[in-house]
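Colleague: I should be grateful for a close reading of one part of this model, namely the way its helices pack against one another. Please set the part in the context of the chain and then follow individual residues through it.

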Amino acid sequence: MSSVWGKILHDLRNPLFRQGYALMANTVVTGVLGMGYWLLAARLYSPEEFGRGQAVITAMRLFASLTALGFVGALARFLPVAGRRTPELALRGYGLAAATGGVAALGFLLTLPMWGKTYSVLSGFWPGLFFLASVLVWAVFTLQDVVLTGLRRATFVPLNNLVFGIVKMGLLVALAGALPAGGIFVSWVIPTALALIPVNWLIFAVVVPRHVEKSDPDQEPPRLREIGRFLAGDFPGTLSILGIVYLVPVVVATQVGEATFGRFSMAHTLASMIELLAMNMAVSLTVEGSFDRAKLAENCRRALRRAFMIVTPIIAVAILAAPLILTVFGSAFADEGTTLLRLMSLAVLPRVLIEVYLSSLRAQSRARTLATVQIGLAVLVLVSTVALFPYTGVNAVGYGLLFSELLVAVLIFGNLRKILKFGETRTPVVTQGSSGAA
């Protein structure tokens, strides 16, 4: 035990692991508090309201993330080297994410009858206005964690989400009697809005000035054209991955009743948290690859080892104990969600390879290849899910993910291996489009 603890302490001296572990700790904190939140919601609200709350929150996150998640790769890539333009880059990200998310949400509200009975709760001026405001808030909330990570301050992220999760659960309980219809969504949004104030004070009053002060004054900050060129390749791919994370559940919500969607969404949420663990180390890899390109291959190998070491036992537990885990929320959750949770958990193994490969491409600014892999994966998942849905119901999401991610992992393995072998062969991995290209 002491040797394991000693290894962890040693890892924490390495920014790659310190950032990655902080983001993984954040996922664990978010996951534990999230399970507690939804367990309370299942006990305090009707099955229909539980499913409706899940569906509205999923839609909010979809529209808020349209641009916010598209900027994750760009901010992780360019914030470390932005120098004096760091605050400008962060604020531009906030503004564009909120603006485009708001426009998309407005389009959704104007076409609400097309989205099925579940979303009819948003009809009317005030419910629609509250939903629109929540999209703007969530867009900034999503990116503030990325800004902290890009500035090597990911250790603040789990603390922020710990406080957010506790306040959210308290408000959920308080609103159960006062607002039985809509209490879930309101209890989710209000703490999110409140969290923006202290976190962004920390970012712009403390973290950003220190980062600018430590930056090399002779280093030329990335130009908007360079960032735009990167986004031109990264954003379409990220947008397609967004379809897997958020659009698929929204589509499912239009095909099934509120109660069924609530049970589907619980299994989907738990499996997505395991997948997020794999992505955490990859985000840290992008940041460190931007700071020091020479260590990219070594950091890729380290990230892969640590990611597999951490997620493999968690996946094993999820597969073996899926019925017991879901029974906590009720027997119907286990009956309808066990297969989905097992399939999605198993799909995380090939996803580790894919995420490390994608992060290495971001660190090298290989936007075209990045977009090709992401769009290809999204098309495979969406097509296979739609094709299988009439035969396997909500489990089609799990089968589609597992098949698609296994296939993509096989296709990219050769290129990933070349990147991993760079430190041994000394063969450059710079290609056209990377910043090191002549």
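Modeller: What follows begins with the whole chain and then turns to helix pairs and to single residues within them.

The model is a predicted one. Its chain holds 16 helices and 0 strands. Of its 438 residues, 55% count as buried. Among contacts with a sequence separation of 6 or more, 82% link residues 24 or more positions apart. The exposed surface of the chain is about 18700 Å², and carbon and sulfur atoms supply 69% of that area.

The pair formed by helix 5 and helix 6 may be taken as the main subject. Helix 5 covers residues 86-110 and helix 6 covers residues 125-150; their axes lie 9 Å apart, at an angle of about 150°. Because of this angle, helix 5 is roughly antiparallel to helix 6, the cut-off for that term being over 145 degrees. The crossing of helix 5 with helix 6 is right-handed. On the side of helix 5, the contact is made by Ala90, Gly93, Tyr94, Ala97, Ala98, Gly101, Gly102, Ala105, Leu106, Phe108 and Leu109. Helix 6 contributes Gly128, Phe131, Leu132, Val135, Leu136, Ala139, Val140, Leu143, Gln144 and Val147. By class, the residues of this contact comprise 16 nonpolar and 5 polar, with no charged residue.

Gly102 offers a view of this contact from within helix 5, where it is found. With a relative accessibility of 11%, Gly102 counts as buried, since the limit for that class is under 20%. Apart from neighbours within four places in sequence, Gly102 is in contact with Leu132, Val135 and Leu136, which are listed among the contributions of helix 6 to the pair. Between Gly102 and Ala139 the C-alpha distance is 9.1 Å, at a sequence separation of 37 residues.

Ser134 belongs to helix 6. Its relative accessible area is 1%, and Ser134 is therefore buried. Beyond its neighbours within four places in sequence, Ser134 is in contact with Met60, Phe185 and Val189.

The next pair is helix 7 with helix 8. Helix 7 (residues 156-178) and helix 8 (residues 183-214) have axes 8 Å apart and pack at about 155°. The angle makes helix 7 roughly antiparallel to helix 8, and their crossing is right-handed. Helix 7 enters the contact through Phe156, Asn160, Phe164, Val167, Lys168, Leu171, Leu172 and Leu175. These meet Gly183, Ile184, Val186, Ser187, Trp188, Ile190, Pro191, Thr192, Ala195, Val199, Leu202 and Val207 of helix 8. The contact of helix 7 with helix 8 has 15 nonpolar, 4 polar and 1 charged residues.

Phe164, in helix 7, is buried, with a relative accessible area of 7%. Setting aside residues up to four places away in sequence, Phe164 touches Trp138, Phe141, Trp188, Pro191 and Thr192. Of these, Trp188, Pro191 and Thr192 are named on the helix 8 side of the contact. The C-alpha atoms of Phe164 and Ala195 are separated by 6.7 Å, although the two residues stand 31 apart along the chain.

Further along the chain, helix 12 (residues 331-346) and helix 13 (residues 348-363) have axes that come within 5 Å and cross at roughly 35°. Met344, Ser345 and Leu346 of helix 12 make this contact with Val348, Leu349 and Pro350 of helix 13. The residues divide into 5 nonpolar and 1 polar, with no charged residue.

Gly337 also has its place in helix 12. Gly337 is buried, its relative accessible area being 0%. Not counting residues up to four places away in sequence, Gly337 touches Ala267 and Leu326. Gly337 and Thr260 are 77 residues apart along the chain, and their C-alpha atoms are separated by 9.8 Å.

Lys421 completes the account from a loop, the one between helix 15 (396-420) and helix 16 (422-425). Its relative accessibility is 30%, so Lys421 counts as partly exposed. Lys421 and Cys300 are 121 residues apart in sequence, with a C-alpha to C-alpha distance of 9.8 Å.

How values were computed: Residues numbered from 1 in each chain as written. Predicted model: local features only at pLDDT ≥ 70, side-chain atom pairs only at ≥ 80, totals over all residues. Heavy atoms only, no water. Axes fitted to C-alpha atoms, helices over the stretch in contact; angles between N-to-C directions. Helix = DSSP H or I, 4+ residues; strand = E, 2+ residues; numbered from the N terminus. Parallel < 35°, antiparallel > 145°, perpendicular 65-115°, else oblique. Left-handed = near helix turned anticlockwise from the far one by under 90°. Contact = heavy atoms within 4.5 Å. Nonpolar A, V, L, I, M, F, W, Y, C, P; charged D, E, K, R; others polar. Buried < 20%, exposed > 50% of the residue type's maximum accessible area, 1.4 Å probe, protein only. Areas by Shrake-Rupley, 256 points an atom, 1.4 Å probe, with all protein chains shown as cover.
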